[in-house]
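Please look through the structure below with an eye to how its side chains pack and pair. The paragraphs that follow go from the nonpolar interior to the charged pairs.

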Amino acid sequence: MEKRWQNRVLVLLSAVLLSACSGYFGWIAADAVEQTEVSTETISEDTVLVGGMPVGIYMETDGVMVLDTEHIKGIDGVEYEPASHLVKCGDYITGINGKTVENKKELMEALAHLNEDEVVLSLRREEESIDVKIKPVECEPDEYKLGIWVRDNVQGLGTITFLTGSSEFGALGHGIHDSDTNVLLSIADGTLYKTSIHSIKKGENGIPGSMEGIIVYNGYNKLGSIKKNTDAGIYGTIDKIDDLFTEQIPVQIAAKEEIEIGDATIRCFVDNEVQEYNIKVTDIDYSGHEVNKGLVIQVTDPGLLEKTGGIIQGMSGSPILQNGKLIGAVTHVFVQDSTKGYGIFIENMLENVGDQTLSN
């Protein structure tokens, strides 16, 4: 399901250097095989450690993402929109006047030392690289603006689905899209962090519920690195396996042809622990039309329904198990009925890690 991404920083580009804030961020945000302690070294090629644990997510975009352009008033009292029809929503700014730009701070610093009447922005637009010339607008004496709103990072909360024998993880089961442009974010780097869930908001009246927690972005709380953001989830490696997988439960992975309509379970974090809750698989779509919506599921567990109302924000990536195997992960909630949602086939997620295979 779609995440609620908070602390989205929107910055109007100007020649004034703005400081960034950091620190604490608040978020509104089974039929398993025998549960024995194992090492990742003992995981076979068709087995993974099953997840269900919430994690904090921080990702930096590959370049500075353009959200929109803006009218700005010049020192002469006239309104201008210098970037209109030149820069588009979803573009990534990768350079200015021939100098590489990797984040907002570098872009702002370059703008703070303008010596030219025009600036040349290097952009990545889908698969194409282009340069555009923009004339900054003087808004105050020696203060110039381009009138472009940008973003260079996203933060949020999600659930780990699995860990392979080579310490590669899969999570969310769907990609992280920019909330303003709905474009799948192109990332340069990302990090997983420990998170502390302090409350759960129950879904009701057509409004999905959510997990609320605290994430502290520092080295002590870092769990691993994010390498990919795809339509089938986020992927990377875990460094502190024991910190995240305190209970190491190996499960075999299932091909989509093995999945049946009927009873299953999901693993998710409620009441300060990861537990399994009863659901039903109500439909299976083999068409592949949408990579992260192959399963339709319905929560039937009275305990989970009482606590959450069904599927809530933050639950994306919760493993789905059936007949002792991992068959997929929760991805979306039906807004008008939070007891129902979509899931992704686990084999679609495993295509994004290095050495995992399926055997029937």
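Val-281, once its neighbours within four places in sequence are set aside, is in contact (heavy atoms within 4.5 Å) with Ile-259, Glu-260, Ile-261, Gly-262, Ala-264, Leu-295, Val-296, Ile-297, Gln-322 and Ile-327. This is a predicted model, in which local features need pLDDT of at least 70 and side-chain atom pairs count only at pLDDT 80 or more, while totals for chains, interfaces and linings use all residues. Residues are numbered from 1 along each chain as its sequence is written, and side-chain values use heavy atoms, with hydrogens and water left out.

Val-281 also appears, with Ile-266, Leu-295, Ile-297 and Ile-320, among the residues that have the most contacts inside the largest nonpolar core, a group of 26 residues. Such a core is a set of buried Ala, Val, Leu, Ile, Met, Phe, Trp, Tyr and Cys residues joined through side-chain atoms within 4.5 Å, where buried means under 20% relative accessible area, exposed over 50%, and partly exposed in between, for a 1.4 Å probe and protein chains only. Two or more residues of this core come from each of the elements E20, E21, strand E22 (295-299) and strand E24 (325-334); helices (H or I, at least four residues) and strands (E, at least two) are DSSP runs numbered from the N terminus. E20 gives the largest share, 5 residues. Apart from this core lies another, of 24 residues, which includes Ile-57, Met-59, Tyr-92 and Ile-176.

How do the charged side chains pair? Side chains of opposite charge can pair when their charged atoms come close. A salt bridge is counted when a side-chain nitrogen of Lys or Arg is within 4 Å of a carboxyl oxygen of Asp or Glu, and by this rule there are 12 salt bridges.

In one of them, the side chains of Asp-263 and Lys-280 meet at 2.5 Å, N to O. Because Asp-263 lies in strand E20 (residues 262-270) and Lys-280 in strand E21 (residues 273-284), this pair ties together parts that are 17 residues apart in sequence. Asp-263 is exposed, at 52% relative accessible area, whereas Lys-280 is partly exposed at 37%.

Asp-271 and Lys-307 form another salt bridge, at 2.8 Å from N to O. Asp-271 belongs to the loop between E20 and E21 and Lys-307 to helix H3 (residues 302-308), so the pair links parts 36 residues apart in sequence.

A further salt bridge joins the side chains of Asp-91 and Arg-125 (2.7 Å, N to O). Here Asp-91 counts as buried, at 2% relative accessibility.
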